[in-house]
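This report describes how a single protein chain is folded and packed. The sequence and the coordinates are shown first, and the discussion follows.

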Amino acid sequence: MSAPIKPLTESFAVAPQLGPDDMADVAAAGYKSVIINRPDFEGGPDQPTAADVSKAAAAAGLAVEYQPVVGSAMTVSDVVRFAELLKTLPGPVLAYCRTGTRCTNLFAAAQQLG
């Protein structure tokens with residue numbers, strides 16, 4: 001896999017932009033779910049779409065949720081939804097965005113919700 005995975009806990013990790021070709025490696029690394037927090041085309045037309053990554057994730061046996069969040073405009077609703085996903089998706093969960101920072105911030109804020 002080209003992108004480094006950064007575990008934050010035993011059941012949650014973040015990564016920078018992933019693509020369809022990374023999903024088999026994500027599954028092989030033991031992750032059961034992927035949350036896509038990067039909006040489609042945020043990085044331009046060459047960025048892999050959530051639909052393409054989701055298809056590859058499903059083929060690799062992963063649960064996947066597309067929750068696009070604009071990093072500079074994160075809302076309480078974004079945090080609540082992220083917390084719900086962490087509670088309901090099979091773990092361990094890997095979330096990705098452009099650099100992993102947005103997912104890290106969502107995770108930290110979701111932990112504050114309790």
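## Packing around strand β3 and two helices

Ile36 is a residue of strand β3. The model examined here is a predicted one. With a relative accessible area of 1%, Ile36 is buried, because burial requires a value under 20%. Apart from neighbours within four places in sequence, Ile36 is in contact with Ala50, Val53, Ser54, Val64, Glu65, Tyr66, Gln67, Pro68 and Tyr96. One of these partners, Glu65, is 29 residues from Ile36 in sequence, while the two C-alpha atoms are 6.2 Å apart in space.

Arg38 is placed in the loop between β3 (33-36) and α2 (50-59). Is this residue, Arg38, buried or exposed? Arg38 is buried, its relative accessible area being 8%. Its side chain makes a polar contact with the side chain of Glu42 at 2.7 Å. Beyond neighbours within four places in sequence, the contacts of Arg38 are Gln17, Gly43, Gln47, Tyr66, Tyr96, Cys97, Arg98 and Arg102.

The wider fold may now be considered. The protein chain contains 4 helices and 5 strands, arranged along the sequence as β-β-α-β-α-β-α-β-α. Its C-alpha atoms fill a box of roughly 35 × 30 × 20 Å along the principal axes. For 114 residues, a compact globule would have a radius of gyration near 13 Å, and the chain agrees with this at 13 Å. Buried residues account for 42% of the 114 residues. Of the contacts between residues at least 6 apart in sequence, 75% join residues at least 24 apart.

Two helices, α3 and α4, are summarised below.

| Helix | Residues in helix | End-to-end C-alpha distance | Expected span | Buried-residue arc |
|---|---|---|---|---|
| α3 | 13 residues | 18 Å | 18 Å | 160° |
| α4 | 13 residues | 19 Å | 18 Å | 135° |

In α3, the buried residues are Asp78, Val79, Phe82, Ala83 and Leu85. Viewed down the axis of α3, these residues fall within an arc of 160°, so they line one face of the helix. The face of α3 turned away from that buried side carries the exposed residues Val76, Ser77, Lys87 and Thr88. The buried residues of α3 pack against β2, β3, β4 (63-66), β5 and α4.

Helix α4 comprises residues 101-113, and its buried residues are Arg102, Cys103, Leu106, Phe107 and Ala110. Down the axis of α4 they occupy an arc within 135°, and therefore line one face of the helix. An α-helix has 3.6 residues a turn, so residues three or four places apart point the same way. The buried residues of α4 pack against β2 (12-15), α3 (76-88) and β5 (93-96).

Which residues touch the most other members of the largest nonpolar core? In this core of 16 residues, they are Phe12, Ile35, Phe82 and Ala95. At least two residues of the core come from each of β2, α3, β5 and α4. A second, separate core has 15 residues, including Val26, Tyr31, Val34 and Ala50. In soluble globular proteins, nonpolar side chains tend to be buried together.

Phe12 shows how the parts of the chain meet: setting aside neighbours within four places in sequence, Phe12 is in contact with Pro7, Phe82, Leu86, Val93, Ala95, Cys103 and Phe107.

Technical notes. Residues numbered from 1 in each chain as written. Predicted model: local features only at pLDDT ≥ 70, side-chain atom pairs only at ≥ 80, totals over all residues. Heavy atoms only, no water. Expected span 1.5 Å × (residues − 1). Buried < 20%, exposed > 50% of the residue type's maximum accessible area, 1.4 Å probe, protein only. Arc of directions from axis to C-beta. Contact = heavy atoms within 4.5 Å. Core = buried A, V, L, I, M, F, W, Y, C linked by side-chain atoms within 4.5 Å. Polar contact = N/O pair within 3.5 Å; in protein donor to acceptor, adjacent residues only side chain to side chain. Rg over C-alpha atoms; globule rule 2.2 N^0.38 Å.
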